[in-house]
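Trainee: I am new to this structure, and I would like to understand how its labels are justified. Could we go through them one at a time?

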Amino acid sequence: MAEYLVRRVVQSLLVLWLVSVVTFAIIHLAPGGPIQYFLQPGLSPAAIQQQIKNLGLDRPIPVQYLDWLGDLLRGDLGHTFKGYMPVAQIIWPTFKNTLILMTTAWVLTLVIAIPWGVYNSARQYGFSDTLASLVGYAGFAMPSFWLGIILQETFALKLKWFPLSNMYTYGREGDVLDLLHHMVLPVTTLVIINLAAYLKYARASMLEVLGQDYIRTARAKGVPERRVIFRHALRNALIPVITILGLDLPFVVSGAALTEAVFNWPGMGQLFVQMAFAREYQVLMAITLIVTVVVVLGNLLADILYAVVDPRVRLTGKGVQSA
C-alpha cells in the first residue's frame with residue numbers, strides 16, 4: 001500500500017508537470033494577448049512595446065515558463081496583468097463558492113441516484129423505473145444552460161418562488177438561509193443533469209450483479225431479499241459508480257461554467273471563462289493546475305475505495321490488482 005501510494009505520488013507529480021508545460025504553451029501560443037485588454041487608446045507603438053517588456057511577455061516562452069515554475073515552487077501563483085492582484089487572492093473566493101454549489105449538487109445526486117438505481121433494479125419496468133428512464137433521457141438530452149433558463153423562467157420569473165440569480169440578496173451577504181434560497185435552482189439544474197449518468201450506472205451495475213451465481217446461491221439458501229441486495233450485491237455493484245465518482249471530482253472544483261454563468265454564480269468556472277477572454281495567463285494556469293490536482297486525487301481516491309468496497313482488489317506497488 002505504501003509503495004503504491006509513493007508510486008502514485010511520483011506519477012502524479014510527473015503528470016502535473018506535463019500538464020503545466022502543455023497548458024502554458026497552449027495559452028501563450030493562442031492568438032491575441034493580454035496587452036490589448038488594458039492598454040489606453042491612442043498609445044504609441046513604442047509605449048505598447050514598453051508595456052509588453054514590463055510584463056515580461058517579450059521573453060521566450062520557455063524562459064517565461066521557468067520563471068512561472070520557480071514562483072510556483074515558492075508558493076507564489078503570480079499576479080494578474082491588469083491591476084497586479086495576487087492570483088491566489090482572486091481564486092480563493094471563487095473556489096469556495098464553487099465548492100459550496102458543486103459539492104451540494106454532487107452529494108444530493110449520489111443520495112438520490114444510488115438508492116433509486118438499486119430500487120429500480122429490483123423492480124424493472126415499473127413506474128419508478130420508467131420515471132428514472134425519463135429523467136435519464138432528459139439529463140442526457142438537455143444542455144445545462146437550457147435547463148437552467150427553463151427553471152429560471154418557471155420558478156423565478158413566473159412563480160417567483162426562488163431568486164433569479166446571484167449568490168446572495170444585496171445587503172444579506174453571509175446569511176445562510178438566503179444562500180440556501182439562492183442555491184435551489186442552480187443545484188436542481190446540476191442534480192438533474194448529473195442524475196442521468198449515476199442512475200444508469202447504478203441500475204445497470206446492480207442488474208449485472210444480481211444475475212451472478214453467488215446471488216442465485218444466496219437466494220436458493222433462503223437469504224432474505226433485502227439482505228441479498230444490501231449485503232451481497234450492493235458492494236460489488238458500487239465499483240463502477242466509484243469509477244464515475246473519481247472522474248467527477250474535477251467537476252466539483254472546476255465548476256459547471258455554463259450553470260454558473262446562467263445563474264451569475266461567482267464561482268471558479270465563471271472566473272475561468274472571464275479570465276480566458278482577458279488572457280490572464282497566470283489565473284488560467286492556476287485554475288488548470290488546481291483541476292489537475294483534483295483529477296489525480298480523484299483517481300487515487302477511487303483506487304483506494306475499490307480496495308475498501310471489494311476485498312478481492314489489492315493495492316500493490318504495481319497498481320490495482322484483483323486477487
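Mentor: Let us begin with a span: residues 99-119 are 100% helix and 0% strand, and their end C-alpha atoms lie 30 Å apart. Please keep in mind that this is a predicted model.

Trainee: What does UniProt list for residues 99-119?

Mentor: The unreviewed UniProt entry lists residues 99-119 under "transmembrane region", along with other spans including residues 12-30 and 131-151. For residues 131-151, the model gives 90% helix and 0% strand, with the end C-alpha atoms 19 Å apart.

Trainee: Why is Phe24 called buried?

Mentor: Buried means under 20% relative accessible area, and Phe24 has 4% relative accessibility, so Phe24 counts as buried. Trp68, with a relative accessible area of 6%, is therefore buried by that cut-off too.

Trainee: What makes the pair of Phe24 and Trp68 tilted?

Mentor: Ring centres must lie within 6.5 Å to pair, and planes that are neither under 30 degrees nor over 60 degrees apart count as tilted. The rings of Phe24 and Trp68 are 6.0 Å centre to centre with 45 degrees between the planes, and they form a tilted pair. This pair links Phe24 in helix H1 with Trp68 in helix H3, 44 residues apart.

Trainee: Why is Val21 called partly exposed?

Mentor: Partly exposed lies between the cut-offs of 20% and 50%, and Val21 has a relative accessible area of 31%, so Val21 is partly exposed. Val21 sits in helix H1, and belongs to a nonpolar surface patch whose members also include Trp17 and Ile26.

Key. Residues are numbered from 1 along each chain as its sequence is written. This is a predicted model: local features need pLDDT of at least 70, side-chain atom pairs count only at pLDDT 80 or more; totals for chains, interfaces and linings use all residues. Side-chain values use heavy atoms; hydrogens and water are left out. Patches are made of residues with over 30% relative accessible area and no salt bridge: like charges are joined within 9 Å, nonpolar side chains (Val, Leu, Ile, Met, Phe, Trp, Tyr) within 5 Å. Accessible areas come from the Shrake-Rupley method with a 1.4 Å probe; for residues, only the protein chains shown count as cover. A salt bridge is a side-chain nitrogen of Lys or Arg within 4 Å of a carboxyl oxygen of Asp or Glu. Helices (H or I, at least four residues) and strands (E, at least two) are DSSP runs, numbered from the N terminus. Buried means under 20% relative accessible area, exposed over 50%, partly exposed in between (1.4 Å probe, protein chains only). UniProt positions are given in the numbering used here, feature names are shortened, and annotations may be inferred rather than shown by experiment.
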